[in-house]
Amino acid sequence: MRTWLDGVLGGRHFAEHGYDSAHLDELPGVGYDAATAVARGLELLDQVVLACGDRAAEVMVAYVVVLAGTGEFERAAPAFGDLAAAWDALTPPELYVLPRWSGPYPVEEYRRSYPAGVAVAPVGVYHAYYRCHRQGDALGFTRAVHVEHHPG
């Protein structure tokens, strides 16, 4: 994962847009299996966090699992044990790398801690939350579970 992270941080997309991401099925050398994608993504998140090393103060690594939905606003999040069954299999989970302190991101959203909000990371902690949001002129809402890394 270090090679992927180095490529992201030195890449054109990150330089021009301030972030980069990859769906799990796009990551080189990672065997993608939809049946284990959600759990495998959490393992890869740990690897990327460890690869960040000293850069973790400036760069945030996040993991997003898009959930199946109707496009309607939904406050209800799936139970934590049901997350693997609730994700939208047409959208593989995604790893993000972005500046830790980025500017405002205009979006209409509802968010709450998920399931308890904080979990131990290999270094620091993870903050997890359920999010139902739409941005810009989008008609429908997107539901997802986000896991963000924060250094100790």
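**Ala116 and Pro115**

I began with Ala116, which I found in strand β4, and I kept in mind throughout that the model is predicted. Is Ala116 buried or exposed? I looked up its relative accessible area, which is 67%, and because the cut-off for exposed is over 50%, I wrote Ala116 down as exposed. I then looked along the chain to Tyr129, which is 13 residues away from Ala116 in sequence, and noted that the two C-alpha atoms are 8.5 Å apart in space.

I went on to Pro115, whose place is also in strand β4, the run of residues 108-120. Its relative accessible area is 55%, so I entered Pro115 as exposed. What kind of peptide bond joins Tyr114 and Pro115? I looked up omega for this bond, found a value of about -25 degrees, and recorded the bond as cis. I also looked up the distance from Pro115 to Val145, and although 30 residues separate the two along the chain, their C-alpha atoms are 9.7 Å apart.

**Strand β2 and its partners**

Val145 led me to strand β6, since this residue of β6 stands opposite Val65 of β2. I looked up how the two strands pair and found that β2 and β6, the latter covering residues 142-150, run in the antiparallel sense with six bridges between them.

How many residues of β2 are buried? I went through residues 59-67 and found that nine of the nine are buried, which fits the description of this strand as mostly covered. I next checked which way the residues point: Val59, Val61, Tyr63, Val65 and Leu67 go one way, while Met60, Ala62, Val64 and Val66 go the other way, and I noted that all of them are buried.

I then turned to the pairing of β2 with β3, where I again found the antiparallel sense and six bridges. Within this pair I noted that Val59 has Pro99 of β3 opposite it.

**Strand β1**

I followed β3, which covers residues 94-99, to β1, and found that these two strands are antiparallel and joined by four bridges. Which residue of β3 is the bridge partner of Asp20? I looked it up and wrote down Val97. For the faces of β1, residues 20-23, I recorded that Asp20 and Ala22 lie on the covered face, whereas Ser21 and His23 lie on the uncovered one.

**The protein chain as a whole**

I counted four helices and six strands in the protein chain, and I noted their order from the N terminus as α-α-β-α-β-α-β-β-β-β. I looked up the radius of gyration, which is 15 Å, and because this is close to the 15 Å that the globule rule gives for 152 residues, I wrote that the chain is as compact as a globular protein of that length. For the box filled by the C-alpha atoms, taken along the principal axes, I noted roughly 40 × 35 × 30 Å.

I found that 39% of the 152 residues are buried. Among contacts with a separation of 6 or more, 67% are between residues 24 or more positions apart. The accessible surface comes to about 8400 Å², and I recorded that 55% of it belongs to carbon and sulfur atoms. Last, I looked up the charges and found 11 positive and 19 negative side chains, with the centres of the two sets 5 Å apart.

Terms used
Residues are numbered from 1 along each chain as its sequence is written. This is a predicted model: local features need pLDDT of at least 70, side-chain atom pairs count only at pLDDT 80 or more; totals for chains, interfaces and linings use all residues. Side-chain values use heavy atoms; hydrogens and water are left out. Buried means under 20% relative accessible area, exposed over 50%, partly exposed in between (1.4 Å probe, protein chains only). Two strands pair if DSSP finds at least two bridges between them. The radius of gyration is taken over C-alpha atoms; the globule rule is 2.2 Å times the number of residues to the power 0.38. Contact means heavy atoms within 4.5 Å. Accessible areas come from the Shrake-Rupley method with a 1.4 Å probe; for residues, only the protein chains shown count as cover. Lys and Arg count as positive and Asp and Glu as negative; His and the chain ends are not counted. The place of a charge is taken as NZ of Lys, CZ of Arg, CG of Asp or CD of Glu.
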